[in-house]
Structure formats: structure tokens, C-alpha cells
Amino acid sequence: MLKGIESKSLNQLFEGMLTLTTVEECYAFFEDLCSIPELKAMGQRFEVAKLLNEDVTYHSISAITKASTATISRVCRSLEYGTGGYLCVLKKLQEKNDASKK
């Protein structure tokens, strides 16, 4: 949980996000909510997390994503010492992918 910043408005934001059911709805919502650079940065961080979780090297991740080593290190710290958010989503996506192959 976001210690110290939990609020009614953030709770409403997250509840609203949970109502989105398609990628198209997510694009529409997030394009209204965030700037293009913010969206690109979030997408890049998530790709970095995915690659780190697959044990890809920093050098390769930087080449693939164009992320700085500082960004890669920050995401790595979140994976190692964070709340488990990245890993939760990555696991759910993998489970969804595995189920769709059956």
C-alpha cells in the first residue's frame, strides 16, 4: 500500500481503474489521465520489470527498452524490496497467457 499517501481520491482512481475491461478502455482512460511521456515511461518501466523478472541483463534491457541504468536499477529495487505489485501483475498476465494456450 502507498504508505502516507492513501486518500479518498486515490481510492476512487484505483476503483475506477478496476472497472476497465478492455485495452481500448485503458488507452482512452490513461490518455486522458496522463501525458504521453508519462505513459511511455510507465510502459518502459513495466517492460523493464518483465525483462528483469526473466533474468535479462541490464545491458540487454537497456538496448531493448532504451531505459537508463538508473531506471533499470529503480525497477530492480522495486522488484526486490517493493510491495510485489510488479510480480503480482506479471504472474496474472502469465496465468492468462497460459490459460489462453489451452
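**Entry 1. Overall fold**

I began with the contacts: of those in the protein with a separation of 6 or more, 37% join residues 24 or more positions apart. The model I am reading is a predicted one. I then listed the secondary structure and found six helices and zero strands. Along the sequence the pattern reads α-α-α-α-α-α. For extent, I took the box filled by the C-alpha atoms along the principal axes, roughly 40 × 40 × 25 Å. I also looked up burial, and 15% of the 102 residues count as buried.

**Entry 2. Aromatic pairs**

I looked for paired rings next, and the count came to two aromatic pairs. In one of them, F29 and F30 have ring centres 5.4 Å apart with the planes at 80°, so I logged the pair as edge-to-face. Are F29 and F30 buried or exposed? F29 is partly exposed at a relative accessible area of 26%, while F30, at 19%, is buried. The cut-off for buried is under 20%.

The other entry is F46 with Y86, which I recorded as tilted, with 6.5 Å centre to centre and 35° between the planes. I checked where the two rings sit: F46 is in helix α3 (residues 36-53) and Y86 is in helix α6 (residues 85-100), so this pair ties together parts that are 40 residues apart in sequence. On accessibility, F46 comes out at 28% and is partly exposed. Y86 is also noted as partly exposed, at 21% relative accessibility.

**Entry 3. Cysteines**

I searched the whole structure for disulfides and found zero. I noted C34 as being in no disulfide, with the nearest cysteine sulfur, that of C26, 11 Å away. C34 is buried, and its relative accessible area is 15%.

Why is C88 without a bond to C26? The two sulfurs are 15 Å apart, which is too far for a bond, and C26 holds the closest cysteine sulfur to that of C88. A disulfide needs the sulfur atoms within 2.5 Å. I entered C88 as partly exposed, with a relative accessible area of 39%.

**Entry 4. Largest pocket**

I turned to open space in the model. The largest pocket holds about 2,200 Å³. Which of its 41 lining residues are closest to the centre? I wrote down M17, F30, M42, F46 and V89. F30 had already been entered as buried, and F46 as partly exposed.

I then asked which helices contribute to this lining. At least two residues each come from α1 (8-17), α2 (23-33), α3, α5 (69-81) and α6. Sorted by class, the lining has 24 nonpolar, 10 polar and seven charged residues.

**Entry 5. Second largest pocket**

The second largest pocket has a volume of about 160 Å³. I listed its lining as F46, K50, N53, E54, L90, L93 and Q94. Helices α3 and α6 each give at least two of these residues. By class I have three nonpolar, two polar and two charged.

**Entry 6. Cross-check on F46**

I went back over the entries for F46. This residue lies in α3 and has its ring in the tilted pair with Y86. F46 is among the residues closest to the centre of the largest pocket, and F46 also appears in the lining of the second largest pocket. The helices of the F46 and Y86 pair are α3 and α6, and both helices supply residues to the lining of the largest pocket and to that of the second largest.

Terms used: Residues are numbered from 1 along each chain as its sequence is written. This is a predicted model: local features need pLDDT of at least 70, side-chain atom pairs count only at pLDDT 80 or more; totals for chains, interfaces and linings use all residues. Side-chain values use heavy atoms; hydrogens and water are left out. Rings of Phe, Tyr and Trp (its six-membered ring) pair if their centres lie within 6.5 Å; planes under 30 degrees apart count as stacked, over 60 as edge-to-face and the rest as tilted. Buried means under 20% relative accessible area, exposed over 50%, partly exposed in between (1.4 Å probe, protein chains only). Helices (H or I, at least four residues) and strands (E, at least two) are DSSP runs, numbered from the N terminus. On a 1 Å grid over the protein atoms alone, a cavity is a set of points where a 1.4 Å probe fits but cannot get out, and a pocket is an open set with protein on both sides within 12 Å along at least five of seven lines; lining residues have an atom within 4 Å of a point. Grid points are joined across faces, edges and corners, and a volume is the space filled by probe spheres set on the points. Ala, Val, Leu, Ile, Met, Phe, Trp, Tyr, Cys and Pro count as nonpolar, Asp, Glu, Lys and Arg as charged, and the others, Gly among them, as polar. Contact means heavy atoms within 4.5 Å.
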